[in-house]
Amino acid sequence: MSELPLLTTDQMASFVARGFLRFDAVVPDDVNAQAMEELPGLFRAWLDEFRGVASGHTDDADGEAPLPRSGTPLHDAYAPDSAFGRMVRVPAIAGAIASLVGAAPVVDHHFVHIKTAGDLHAQGLHCDAIVDQGPAFDIQLFWFPHDVAPREGGTRFVPGSHLRRVNMDDVARYHHLAGEQYFSGDAGTVVIFHQGLWHAGAPNHGSRDRVMGKLRLNPTQAQVRLWDTSDLAPRNRADDHMFARMEPGMVAAELRRSEPWYEPSVHRLETVQRARLWRYLTGDADFDVDWYLTRTERRAALVTP
Amino acid sequence: MSARQQVLMLWLASSALDSRVLGWSMFDGTAGAGPQLTTDPPYGTGVDALVDGWRLLQMSPLIPPTPGHERDTSFLKHEFLFERIIGLG
């Protein structure tokens, strides 16, 4: 895997702070064109499975299951010449996957979301699956194989929402949050989400169906220092403090980033959540941002049980 | 003439009604026949909504953090619920 373009420390810190990474037009045109042929069929295969009309026989003529079973190693889940198989082998995507969930992730599931032209339903805001405990996390790849113009059904998502402990669509009442985004971009763009990122299907005011392939991957190894950490050590100070000494270039600078929808008081708690996640990712139990964890841990150590 | 309720939810930056708007939702009992929100965000603060005629129904109580979960983050904390009654017909 060493030849893969691994994520940088800046990208990892941004992922921890904001819960997503975006790779614009990273998938080649011919793979996107193949996806536009195959992905609707994958959606139909799921419908067949769901409805039970396949009578338990979902294998195609070659004996290859179009829907991999949960837990299938990613390497074995998709034929190398299939659309999903080619997408996950794009070097930038393969490197991002390896950096986030390791060299041997397994497929949780994939799904093809089709937002038909003129469908103006706004899905309720939600995070996928159920409320989960960290710090280990899954990733979800959102692959848009065709151009998506603004207001044409690009997924709505809320940067920085991934570490809030909520369950599924209990957040659906939030119709508008300052700083939220609606995806738009060029064909072949992949956005990788932390499992907890709030998102929703958006109205499609355009004249063509919007197709998006989503793939959830589970790690099978501790997600510790899997990215290109060559610049990490000098940037990983635990004593970078916004009211004391604060230096440019420190990881802490990204981890204290606020979002327009954050309450100031909760922003500080978000900083703590991010510092905890960074401790997991780096294996550095002493890492901190603005001393929030350190001061309380040191005080606690003073108290005799 | 019949009356219908419009409900406005605002999420504010602090527990104070005059703090800035972070998020908003409107649920419209007039099904579009009544006045609509026209700006993004619709108001700068919760008090601005009062000035525009919305009546405050409820605000989030201030609840001490649960021991052991003081640093957890979850739903937006400062939720304010408003209504206005619109006459139709």
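Select chains A and B together and display the contact between them: chain B contributes 16 residues and chain A contributes 19 residues. On the chain B side, the element to colour is S2(B), which gives the most to the surface touching chain A, with four residues. By residue class, the side of chain B that touches chain A comprises seven nonpolar, six polar and three charged residues. The model on display is a predicted one.

**The sheet shared by the two chains**

Next, select strand S2 (residues 21-28) of chain B together with S6(A); these two pair in the antiparallel sense over two bridges. Which residue of chain A stands opposite B:Trp24 in S2(B)? Selecting A:His176 shows the position opposite B:Trp24.

The selection may now be widened to the sheet as a whole. It is an open sheet of five strands, with antiparallel pairing, in the order S6(A)-S2(B)-S1(B)-S4(B)-S3(B). At its edges are strand S6 (176-177) of chain A and strand S3 (55-59) of chain B, each of which pairs on one side only. In general, the strands of a sheet pair through backbone hydrogen bonds, in a parallel or an antiparallel manner.

**Chain A as a whole**

Hide chain B and show chain A as a cartoon. Its secondary structure comprises eight helices and 10 strands. The radius of gyration of chain A is 20 Å, close to the 19 Å that the globule rule gives for 305 residues, so chain A is as compact as a globular protein of that length. Viewed along its principal axes, the C-alpha trace of chain A spans about 65 × 40 × 40 Å.

Of the 305 residues of chain A, 41% count as buried. For contacts in chain A between residues at least 6 apart in sequence, 84% join residues at least 24 apart.

**The two domains of chain A**

Colour residues 9-218 of chain A as domain 1 and residues 233-302 as domain 2. The C-alpha centres of these two domains of chain A lie 30 Å apart. Where they meet, 15 residues of domain 1 of chain A are in contact with 17 residues of domain 2 of chain A.

Which helix gives the most to the side of domain 1 of chain A that touches domain 2 of chain A? Select helix H1 (residues 9-18) of chain A, which gives six residues to that side. The residues on this side of domain 1 of chain A divide into 10 nonpolar and five polar, with no charged residues.

Notes: Residues are numbered from 1 along each chain as its sequence is written. Chains are lettered from A and ligands numbered from 1 in the order in which they are written. This is a predicted model: local features need pLDDT of at least 70, side-chain atom pairs count only at pLDDT 80 or more; totals for chains, interfaces and linings use all residues. Two strands pair if DSSP finds at least two bridges between them. Domain bounds come from an automatic or database domain assignment. Two residues are in contact if their C-beta atoms, placed from the backbone, lie within 7 Å. Ala, Val, Leu, Ile, Met, Phe, Trp, Tyr, Cys and Pro count as nonpolar, Asp, Glu, Lys and Arg as charged, and the others, Gly among them, as polar. The radius of gyration is taken over C-alpha atoms; the globule rule is 2.2 Å times the number of residues to the power 0.38. A residue is buried if 20 or more other C-beta atoms lie within 10 Å of its own, exposed if 12 or fewer, and partly exposed in between; C-beta atoms are placed from the backbone.
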